[in-house]
Amino acid sequence: MPRHTVVVGAGLAGLSAALHLRGAGVEVTLIEAADQPGGRSPEVVSDGFTLDTGPTVLTETAQLAAAFAAVGEDLADHLELRPVDPAYIAHFADGTSLPMHADPVRMRAVIRDFAGAREARGYERFVRHAERLYDLEFPRFIDRNLDGVPSLISPALLRLTALRGFGRLDRLVASFFTDPRLQQAFSFQALYVGVPPHRARGMFAVVSAMDLVHGVSYPVGGMHEIARAMARVAEEHGVRLRRGERVTGVEPDGDRQRITTTTEVLDADSVVLTCEPPSAARLLGGRRPPHNDLPAPSCVLLAAGVPGGIAGTGHHHIHFGRSFRGALDDITAGRPMRDPSFLVSVPTRTDPGMAPAGGDVLYALFPTPAQHGRGAEIDWRRLRSAYRDHLLRRLSGAGYPVDDLVGEHLITPADWAARGLPWGTPFSAAHTFTQSGPFRQPNVVRPGVVLAGSGTTPGVGVPMVLISGRLAAERLLQARP
């Protein structure tokens, strides 16, 4: 009989694990508590508008293609990806703005016009440095299973040190740019891994390489379309996808695993858990405490339709407050940003079909403290209405029409917590030095039980959770007799 693996959770990590396992000939049962796949990228349609209420930035699409290729399928046959250009438009407190293109030649000219020839040369040096970091880090420290600190010891570690990978990210970026606006524009990506630039390590400049050098894409139909396509292909190749069924426990049964759900008890010889590590520990009877306990910041997310449309161009917009450092210090101190910096996406710039004719979709993400430390003192249920007003005022001041929103979805840290996300954040554990690489929650729990998702290696973000699914599958495949 073929080996049988139960994958718990049909988010991107679980779907990736299922496809890689099935491609290796493993019998796979994929169990999803919701009535649809997608995890943190659910399908939301309100008043004719298709809304993203999860991740909205897609990079490193080769990782997505690899999941389809595992079962012999071509990504292009199942999903249409369109390039997002510019990748972002950065808006600064002095009223200036900077389109950020992934084409280095074009971007060099834009920076020269924006800040002068010296900064343009600094950009060229930064791109070369970020690419060197990426080429060093990705295959050695991100795209493979690590077995503790000894697995890192190699000449590559010395090269990473020489490339200032262990120094502060903000200082690394400042060595290439003297204009503070450019320093912000090329370091804010550290927030994607849950650490402000002045606390992040220089190694996280690879995140800038992923989106500002390799480029940003967007799937036609919205981010949920990725999960929909992966689930459809998985089922076509024999994965049994069981929707609307919750796993309540996983126990060892000799050298096999007993999986209890809300409907029955299953038997398998291996399990992939894609929930956050604290939730996985509860399913396992509390046998394994969480390895990492410092969360990334959370966010308040607003997604809505704008029937009258949004003026201007650009898909992703980063709006910086007067003091980017001050705003991040607010979050670290456990209070909402008083002068916020925030992300706005208008996905209908790339896919107009997500809204009725003449309309647009608005997605706004405002970073906030997680429900941890002093941030746990914030009563988001009481603050919800006032913070919504604050958010709308900021959006209006930035030029977005917010007087006629339809199908609105507002998600606060309290709502993330109600969805079962520890600390009320969708961004899992922060990528501090002691919570990254071999120090992050290991993906091996015990023989036959592995983890995937943003809480384990390699970490947070769409490409990372796709990789995590493949790495989990590799752990199980390597353990096969």
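This is a short chat about charged side chains in a predicted model.

Student: What kind of model is this, and how are residues numbered?
Tutor: It is predicted: local features need pLDDT of at least 70, side-chain atom pairs count only at pLDDT 80 or more, and totals for chains, interfaces and linings use all residues. Residues are numbered from 1 along each chain as its sequence is written, and side-chain values use heavy atoms, with hydrogens and water left out.

Student: How many salt bridges are there?
Tutor: The count is 27. A salt bridge here is a side-chain nitrogen of Lys or Arg within 4 Å of a carboxyl oxygen of Asp or Glu.

Student: Which residue pairs with Glu43?
Tutor: Arg228 does, at 2.5 Å, N to O. The two sit 185 residues apart. Glu43 is in the loop between strand S2 (27-32) and strand S3 (44-46), and Arg228 is in helix H9 (residues 224-236). Helices (H or I, at least four residues) and strands (E, at least two) are DSSP runs, numbered from the N terminus.

Student: Is Glu43 buried, partly exposed or exposed?
Tutor: Partly exposed, with a relative accessible area of 35%. Buried means under 20%, exposed over 50%, and partly exposed in between (1.4 Å probe, protein chains only).

Student: And Arg228, how accessible is that?
Tutor: Arg228 is partly exposed too, at 30%.

Student: New topic. What does Arg108 bridge to?
Tutor: Glu124, at 2.8 Å, N to O. Arg108 lies in helix H3 (residues 104-115) and Glu124 in helix H4, 16 residues apart.

Student: Where is Arg128?
Tutor: Arg128 is in helix H4 (residues 117-142). Its relative accessible area is 44%, so Arg128 counts as partly exposed.
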